[in-house]
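Here's a quick tour for anyone meeting this structure for the first time. Have a look at it below, and then we'll go through it piece by piece.

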Amino acid sequence: MKNTAFLKDSQGRVIQKQNLHNGSLQEFDVEKLKDGVYFVELQLAKGKCVTHQFSINH
């Protein structure tokens, strides 16, 4: 299982997905997203899952 990052909206729908690579910087393009609450969910190879909530306010 790979390390994967998901950008999700407040309804839990996946907006963007990225496979993570050790030692590299990964970014989501959030410039065109509407104002609101979003989540970044990291699914790690050993089955662990970490979620961070953030807000966009242009």
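## Gln18, a buried spot

Let's start with Gln18, which lies in strand β2 of this predicted model. Is Gln18 buried or exposed? Its relative accessibility is 16%, and since the cut-off for buried is under 20%, Gln18 counts as buried.

So who does Gln18 meet? Skipping its neighbours within four places in sequence, Gln18 is in contact with Asn3, Thr4 and Ala5, and also with Gln26, Glu27 and Phe28. With Glu27 there's a polar link to look at: a polar atom of the Gln18 side chain lies 2.5 Å from the backbone oxygen of Glu27.

## Lys17, next door

Lys17 is found in strand β2 too. Here the relative accessible area is 54%, and because exposed means over 50%, Lys17 goes down as exposed.

Exposed or not, Lys17 has company. With neighbours within four places in sequence left aside, Lys17 is in contact with Thr4, Ala5, Phe6 and Phe28. As for Glu31, it sits 14 residues away from Lys17 along the chain, and the C-alpha atoms of the two are separated by 16 Å.

## How the strands line up

Now for the sheet. What order do its strands take? It's an open sheet of four strands, arranged β2-β1-β3-β4 and paired antiparallel. That puts β2 (14-19) and β4 (49-56) at the edges; each has a single partner strand, so one side of each is left without a neighbour in the sheet. From one strand to the next, the twist averages 15 degrees.

Zoom in on β1 (residues 4-9) and β2: they run antiparallel, and five bridges join them. Lys8 stands opposite Val14 in β2.

## Rings and a charge

Lys8 turns up again here. It lies over the face of Phe6, 5.9 Å from the ring centre. As for rings meeting rings, the count comes to one aromatic pair, going by ring centres within 6.5 Å.

## The whole chain

Step back, and what does the chain's secondary structure come to? Zero helices and four strands, so to read the elements from the N terminus on, you just go β-β-β-β.

The C-alpha atoms fill a box of roughly 35 × 20 × 15 Å, taken along the principal axes. The chain has 58 residues, and 21% of them count as buried. Finally, among contacts between residues at least 6 apart in sequence, 34% join residues at least 24 apart.

Note on methods:
Residues are numbered from 1 along each chain as its sequence is written. This is a predicted model: local features need pLDDT of at least 70, side-chain atom pairs count only at pLDDT 80 or more; totals for chains, interfaces and linings use all residues. Side-chain values use heavy atoms; hydrogens and water are left out. Two strands pair if DSSP finds at least two bridges between them. Helices (H or I, at least four residues) and strands (E, at least two) are DSSP runs, numbered from the N terminus. Axes are lines fitted to C-alpha atoms, for helices over the stretch in contact, and angles run from 0 to 180 degrees between N-to-C directions. Rings of Phe, Tyr and Trp (its six-membered ring) pair if their centres lie within 6.5 Å; planes under 30 degrees apart count as stacked, over 60 as edge-to-face and the rest as tilted. A charge sits over a ring if NZ of Lys or CZ of Arg is within 6 Å of the ring centre and within 35 degrees of the ring normal. Buried means under 20% relative accessible area, exposed over 50%, partly exposed in between (1.4 Å probe, protein chains only). Contact means heavy atoms within 4.5 Å. A polar contact is a pair of N or O atoms within 3.5 Å; within protein, one must be able to donate a hydrogen and the other to accept it, and residues adjacent in sequence count only if both atoms are side-chain atoms.
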